[in-house]
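Let's take a walk through this fold together. Keep the sequence and the model side by side as you read.

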Amino acid sequence: MKAEQVLFSLVSHLAQALLLAAVLASFYQVVARFLLAAPADWSEVLTRALLIWVVMLGMALACRQGTMMAINLLRDRLTGRRRRALEWFLALVSGGLLLFIALLGGQLAWRMRFQTLPSLEVSIAWVYLAIPVGALLATIALFSRIATPGIEPQVLADRGTAAND
């Protein structure tokens, strides 16, 4: 396996584990509130923080698999070198935007490092850190995908899923 495959396999497993933890925390909140009549103040905050991480890691995975929403009108009309040039141009623009988001997210996490999450007593910077981490992983994914020739974006309709029904 290539290093990027190992990286995104780890990202996928981490996102799945965080999603499971969010579901369990949310389930505990429902049980505590409605069955035990003693709502937990930490579970909602934890669920929200975990879901933010899941979304940002999921964005990177979607970039790697080519499943981000795209308007392919121009791309589908081009072939050969022109199509490849357009793909690289779009990757550079998207990568620049992702790096800008990573920079701003890193600055935000740094500024918020002394603020704590209510009821969890941990720095809110850990939640904000999802922004630069997700954006950097998405940038890596984007350029890894574009640098691999012959990989077409995956479209649900092409896989014969329920989207065709």
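Of the 165 residues of the protein, 33% count as buried, where buried means under 20% relative accessible area, exposed means over 50%, and partly exposed is anything in between, using a 1.4 Å probe and protein chains only. Before going on, keep in mind that this is a predicted model, in which local features need pLDDT of at least 70, side-chain atom pairs count only at pLDDT 80 or more, and totals for chains, interfaces and linings use all residues. Residues are numbered from 1 along each chain as its sequence is written, and side-chain values use heavy atoms, with hydrogens and water left out.

The architecture is easy to state: six helices and zero strands, giving the pattern α-α-α-α-α-α as you read along the sequence. Helices here are DSSP runs (H or I, at least four residues), strands are runs of E with at least two residues, and the numbering starts at the N terminus. Among contacts with a separation of 6 or more, 68% come from residues 24 or more positions apart; contact means heavy atoms within 4.5 Å. As for the outside, the accessible surface comes to about 10800 Å², and 69% of that belongs to carbon and sulfur atoms. Those areas come from the Shrake-Rupley method with a 1.4 Å probe, and for residues only the protein chains shown count as cover.

Now for the inside. In soluble globular proteins, nonpolar side chains tend to be buried together. In this model, the largest nonpolar core has 24 residues, and the ones that touch the most other members are Phe 8, Val 11, Leu 18, Leu 57, Leu 98, Leu 137 and Ala 138. Helices α1 (3-35), α2 (43-65), α4 and α6 each supply at least two residues of this core, and α2 gives the most, with nine residues. There is also a second, separate core of five residues, including Val 45, Ala 49, Leu 117 and Val 127. A nonpolar core, in this sense, is a set of buried Ala, Val, Leu, Ile, Met, Phe, Trp, Tyr and Cys residues joined through side-chain atoms within 4.5 Å.

Leu 98 is a good place to zoom in. Which residues does Leu 98 contact, leaving aside its neighbours within four places in sequence? They are Met 59, Ala 135, Ala 138, Thr 139 and Leu 142. Take Thr 139 from that list: this residue lies in helix α6 (residues 130-147). Thr 139 counts as buried because its relative accessibility is 8%. With neighbours within four places in sequence again left out, Thr 139 is in contact with Gly 95, Leu 98 and Leu 99.

Stay with helix α4 (residues 80-111), where Ile 101 lies. Ile 101 has 32% relative accessibility, so this residue counts as partly exposed. Together with Leu 97, Phe 100, Leu 103 and Leu 104, Ile 101 forms a nonpolar patch on the surface, with about 450 Å² of accessible area for the group. Patches are made of residues with over 30% relative accessible area and no salt bridge; like charges are joined within 9 Å, and nonpolar side chains (Val, Leu, Ile, Met, Phe, Trp, Tyr) within 5 Å. Gly 106 is found in α4 too, and is partly exposed because its relative accessible area is 28%. The C-alpha atoms of Gly 106 and Val 133 are separated by 8.5 Å, although the two residues are 27 apart along the chain.

What about charges? The structure holds four salt bridges, each being a side-chain nitrogen of Lys or Arg within 4 Å of a carboxyl oxygen of Asp or Glu. One of them pairs Glu 44 with Arg 48, with the closest N and O atoms 3.3 Å apart. Both residues lie in α2, four residues apart, or about one turn of the helix. Glu 44 is partly exposed because its relative accessibility is 45%, and Arg 48 is partly exposed because its value is 46%.

The other end of α4 from a reader's viewpoint is its charged trio. Glu 87 forms a salt bridge with Arg 83, the closest N and O atoms being 3.8 Å apart, and these two are separated by about one helical turn because they sit four residues apart in α4. Glu 87 also forms a salt bridge with Arg 84, at 3.2 Å between the closest N and O atoms. Shared partners join Arg 83, Arg 84 and Glu 87 into one network. Glu 87 counts as buried because its relative accessible area is 15%, whereas Arg 84, with 26%, is partly exposed.
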